[in-house]
Structure formats: C-alpha cells, structure tokens
Amino acid sequence: MFYGAMKLSVGNALKLTFRPWVEGLENVPDEGPAILASNHLSFSDSFFLPSVLERKITFIAKAEYFTSPGVKGKLTAAFFKGVGQLPVDRSGGRGAGEAAIRSGLEVLERGELFGIYPEGTRSPDGRLYRGKPGGLARVALRSGAPVLPVAMIGTEEIQPPGKVVPKLKRPGIRIGEPLDFSRYQGMDEDRFIQRAVTDEVMYAILKLSGQEYVDIYATAAKRQLAEASKAAEAERKQAERERQRVASEGGERTPDRAA
C-alpha cells in the first residue's frame, strides 16, 4: 500500500520533472517473476526505473540506509522500505552475499520483479565495469526467472556521486529482451557457469547502454582512484612544504639593505 502511494507521489513527480524516455517496456512481463539487471550510474537509478514500470520492483540496498540514527535516519529508513528496498548487510563477506540471494529468491517466489546491479556498486566514472558473478547468476539459476538487461542512461549527470541536489536533465532507460539461462539449471554453484551467465548479461547491458567497458570490478576501480587521490594530495602537501621552505630560506638570505 505504501509502495503504491510512494509510486504515485514520488514516481509521478520524477516523471513530470525529468521526463525520462524509455525503450523496451514491452519486454517486462505483465505477471510472474523476472530479474531486471541494470548498470548503476547514480543513486537515483533505484527511483527512475521503478517510476516507469507498472509493476512493483524490489531492489536490495545496503543496511546503512535503514540503521542510521536520528530523525533523518528514521525518515530515510521509512522511505526505503516504502519504495520496496530490502536491507542487506554488505560487510559480512559470503554471509552477506547469501542474505542478498535469499532476499532475491523470496521476491521472485512471490511472482514479483527483482532488481539487481551486477557491478555491485555505482560506477565511479560512467563506464561499465565487470559484473560480480555470485549474486545475479545464482538467483537467476536457482529461481529459473528470466533476466532482463537494463541500461540507465545519463543518470550520472543528474545526480553525480556526492551531490544531493539533482540537475534537471532528461535520463533514458532501455530494457532489453529477456535472457533465458535454463540450459544451466542446477549448475548454480559452478563458478565457471556463474561467470558465463554474468558476462552474457553484462554484454547485453553494454549493447544497450553504449558505455565503455572496463574488465575490472568497480570496487577495485574505486580503490585505485582513492589511492591515486591520496597520493596526489600527499604530493601536493609535500610541494607546498618545499615551497614554504625555499621561501623561508630565501628570506633568511636576503641582505639587509640598511647595512
């Protein structure tokens, strides 16, 4: 009930304000379970996609969105629950992954739509990164549900990471034809099969989005960027200290004109 109210209020507001264009809505089944596997460019992806779908879609979200303290934290938790997000603790390694898989399977067993971001996190630079094989492939193979590749387009320009106030730009959404992995049924624990399923989905997303593909995980790319930023900051501080040292020594050596 709350989801419907949020969809009418927030969803309609998003559509009226940003006017997202959509291709491939006919690929979303009118009923029955299906997995929508999308690239991930912005925090707003989880709001734009549900806003254009007639059916309810449930994503998993990091548990921090549901456990933050204070009034703001409670409002955030209520909002995420209202729009159908499921909390998953991502700090527990394999246990966290199993929790995410169970959550996805429960959604699909109810005959609903389940949304997942195979990259595991937002792209740090707008490029498409390697999909993580465990979650998507295992949910798809255990449930037997079709996988619909989804491309979010331009959402990183509306709300870049770290920005609260969005820019008024028109995003796009492309939904591809369903992918059937029934040929791999019963092989969900095979790592090579998991990789094959994930790569097939990521290639379909790539064709829909037109993004540049990077064959590393987005988490690794974020770590590299953070390390590079830290090194650059250290170099800047070292250069500033050197400049101050030279300026200080130059002042000490300046002859006294009055002498």
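This is a short tour of a predicted model, stop by stop, with something to select at each one.

**The whole chain**

Start with everything shown as a cartoon. You should be able to trace nine helices and nine strands. Of the 259 residues in the chain, 41% count as buried. Switch to a surface for a moment: the chain exposes about 14500 Å², and carbon and sulfur atoms supply 55% of that area. Back in the cartoon, keep long-range packing in mind, for residues 24 or more positions apart account for 80% of the contacts with a separation of 6 or more.

**The largest nonpolar core**

Next, select I35, V147, F181 and V201 and show their side chains. These are the residues with the most contacts inside the largest nonpolar core, which has 25 residues. Now colour β2 (34-38), α5 (94-109), β5 (113-116), α6 (133-143) and α8 (191-209); each of them supplies at least two residues of this core. Which element gives the largest share? That is α8, with six residues. In soluble globular proteins, nonpolar side chains tend to be buried together.

Centre the view on V147 to see its neighbours. Leaving aside residues up to four places away in sequence, V147 touches I35, A37, L136, A140, E177, P178, L179, F181 and V201.

**Along helix α8**

Now select residues 191-209 and look at α8 from the side. Its end C-alpha atoms are 27 Å apart, which agrees with the 27 Å that its 19 residues should span at 1.5 Å a residue. At the start of the helix, zoom in on D190: one of its side-chain oxygens comes to within 2.8 Å of the backbone nitrogen of F192. At the other end, just after α8, G210 has a positive phi of about 75 degrees.

Which residues of α8 are buried? Select I193, Q194, R195, V197, T198, V201, M202, A204, I205, L208 and S209. An α-helix has 3.6 residues a turn, so residues three or four places apart point the same way. To see what lies over the buried residues of α8, show β2, β6 (128-129), α6, β7 (147-153) and β8 (172-175), which are included in their cover.

**The other core and F48**

Move on to A34, F48, A61 and V150. They are among the 23 residues of another core, which lies apart from the largest one. Stay with F48, which counts as buried at 2% relative accessibility.

Add F18 to the selection. F18 and F48 form an edge-to-face aromatic pair, 5.3 Å centre to centre with 90 degrees between the planes. Because F18 belongs to helix α1 (residues 2-18) and F48 to helix α2, the pair ties together parts that are 30 residues apart in sequence. F18 is buried too, with a relative accessible area of 9%.

The backbone of F48 deserves a look as well: its oxygen lies 2.6 Å from a polar atom of the S51 side chain. S51 sits in helix α2 (residues 45-52) and is buried, with a relative accessible area of 3%.

**A last aromatic stop**

Finally, select F43 and F47. This aromatic pair is tilted, at 5.4 Å centre to centre and 55 degrees between the planes. Is each ring's residue buried or partly exposed? F43 counts as partly exposed at 27% relative accessibility, whereas F47 is buried at 12%. A search of the whole structure finds three aromatic pairs, including F18 with F48 and F43 with F47.

How values were computed: Residues numbered from 1 in each chain as written. Predicted model: local features only at pLDDT ≥ 70, side-chain atom pairs only at ≥ 80, totals over all residues. Heavy atoms only, no water. Helix = DSSP H or I, 4+ residues; strand = E, 2+ residues; numbered from the N terminus. Buried < 20%, exposed > 50% of the residue type's maximum accessible area, 1.4 Å probe, protein only. Polar contact = N/O pair within 3.5 Å; in protein donor to acceptor, adjacent residues only side chain to side chain. Core = buried A, V, L, I, M, F, W, Y, C linked by side-chain atoms within 4.5 Å. Contact = heavy atoms within 4.5 Å. Phe/Tyr/Trp six-rings, centres within 6.5 Å; stacked < 30°, edge-to-face > 60°. Areas by Shrake-Rupley, 256 points an atom, 1.4 Å probe, with all protein chains shown as cover. Expected span 1.5 Å × (residues − 1).
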